[in-house]
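The following exercises concern side-chain pairing and burial in a single protein chain. Each task is followed by a solution in steps.

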Amino acid sequence: PVLLTITSFVGGAYLVMDTTAGERERQSLEPLLATPAARGAIVSGKIAAACITGMATLLLTLLAFKLSAQFSGGGIGRQLNLGVASMAQMLLVMLPMLFIGTALLTFLSASAKSMKEAQSHMTWLMLLPMLPGYALMVYPIKSELWQYAVPFLAQNQMLLKVIRQESINAQVWAVYLAAGFGLALVLWWAAVRRYHQERLAISG
């Protein structure tokens with residue numbers, strides 16, 4: 001769960017940073033912002049491109065898990081639930097986190113003047129998906145509905161259910177998807193607001 005969460009959270013990170021901080025550093029962002037295109041459309045296009053890249057990375061990671069489980073043939077192969085339906089469920093579980101991570105990185109990169117400055121955020125961002133796993137190891141708690149609305153903790157709980165082949169009811173899916181995409185929408189709005197700042201086009 002931790003590896004999949006990290007992969008989805010930062011899967012499109014470098015494309016996001018290059019199309020925001022990188023363009024600002026190369027002074028190619030100003031001509032883009034001078035076009036009649038709405039800032040929301042520009043941000044959405046960048047996020048969509050990064051999400052496609054992140055989804056491809058996530059799919060390759062799942063396929064690697066599936067192949068390694070098949071070749072191992074031992075206890076690990078039997079324990080991992082990596083059928084087509086399970087992989088589709090995992091992709092659906094990771095989809096909100098992919099949008100959350102991409103929108104957050106778009107917002108952060110928009111305030112960076114260079115790729116190096118944008119990349120400095122990766123150190124603490126990589127730690128965020130690990131925190132719920134460590135917390136559960138120290139303080140194991142019973143699964144509750146509110147947990148599926150907490151970023152990173154929700155992904156951990158959902159992936160564990162899929163891996164253990166436990167059924168996930170409609171209420172859990174509704175809370176999880178609403179909270180995940182709701183947070184992604186807030187971060188997208190924040191990124192659009194940041195793109196409305198004219199000083200964004202100024203480098204150096």
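**Exercise 1. Classify the exposure of Arg 26 and identify the residue with which Arg 26 forms a salt bridge.**

Solution.
1. In this predicted model, the relative accessible area of Arg 26 is 47%. Partly exposed covers the range between 20% and 50%, so Arg 26 is partly exposed.
2. The side chain of Arg 26 meets that of Asp 18 in a salt bridge, at 3.0 Å from N to O.
3. Asp 18, with a relative accessible area of 30%, is likewise partly exposed.

**Exercise 2. Determine which helices are tied together by the salt bridge of Lys 46 and Glu 23, and state whether the two residues are buried or exposed.**

Solution.
1. Side chains of opposite charge can pair when their charged atoms come close.
2. For Lys 46 and Glu 23, the closest N and O atoms are 3.3 Å apart.
3. Lys 46 belongs to helix α4 (residues 39-72) and Glu 23 to helix α2 (residues 13-26); the pair therefore ties together parts that are 23 residues apart in sequence.
4. Lys 46 has 9% relative accessibility and so counts as buried. Glu 23, at 16%, also counts as buried.

**Exercise 3. Assign the exposure of each partner in the salt bridge of Lys 161 and Glu 166.**

Solution.
1. The two side chains meet at 3.5 Å, N to O. The structure holds 3 salt bridges, and this is one of them.
2. Lys 161 counts as buried, because its relative accessibility is 17%.
3. Glu 166 counts as partly exposed, because its relative accessibility is 36%.

**Exercise 4. Describe the geometry and the setting of the aromatic pairs of Phe 9 with Phe 152 and of Trp 173 with Tyr 176.**

Solution.
1. A pair of aromatic rings is described by the distance of the centres and the angle of the planes.
2. The count comes to 3 aromatic pairs. Among them, Phe 9 and Phe 152 lie 5.1 Å apart, centre to centre, with 90° between the planes. An angle over 60 degrees counts as edge-to-face, and this pair is accordingly edge-to-face.
3. Phe 9 lies in helix α1 (residues 2-10) and Phe 152 in the loop between α9 (131-138) and α10 (153-163), so that the pair links parts of the chain 143 residues apart. Both residues are buried.
4. Helix α1 is itself largely enclosed by the rest of the structure, because 7 of its 9 residues are buried.
5. Trp 173 and Tyr 176 also form an edge-to-face pair, with 6.5 Å between centres and 75° between planes. Both lie in helix α11 (residues 170-195), 3 residues apart, about one turn of the helix, and both are buried.

**Exercise 5. Within the loop between α9 and α10, state whether Tyr 139 and Gln 147 are buried or exposed, and give their surroundings.**

Solution.
1. Tyr 139 is found in this loop and is exposed, with a relative accessible area of 62%.
2. Together with Tyr 134, Met 137 and Val 138, Tyr 139 makes a nonpolar surface patch of about 540 Å².
3. Gln 147 is found in the loop between α9 and α10, yet Gln 147 is buried, with a relative accessible area of 1%.
4. Not counting residues up to four places away in sequence, Gln 147 touches Ile 141, Lys 142, Leu 153, Ala 154 and Gln 157.

Key. Residues numbered from 1 in each chain as written. Predicted model: local features only at pLDDT ≥ 70, side-chain atom pairs only at ≥ 80, totals over all residues. Heavy atoms only, no water. Phe/Tyr/Trp six-rings, centres within 6.5 Å; stacked < 30°, edge-to-face > 60°. Helix = DSSP H or I, 4+ residues; strand = E, 2+ residues; numbered from the N terminus. Buried < 20%, exposed > 50% of the residue type's maximum accessible area, 1.4 Å probe, protein only. Patch = residues over 30% accessible without salt bridge, like charges linked within 9 Å, V, L, I, M, F, W, Y side chains within 5 Å. Areas by Shrake-Rupley, 256 points an atom, 1.4 Å probe, with all protein chains shown as cover. Salt bridge = Lys/Arg side-chain N within 4 Å of Asp/Glu carboxyl O. Contact = heavy atoms within 4.5 Å.
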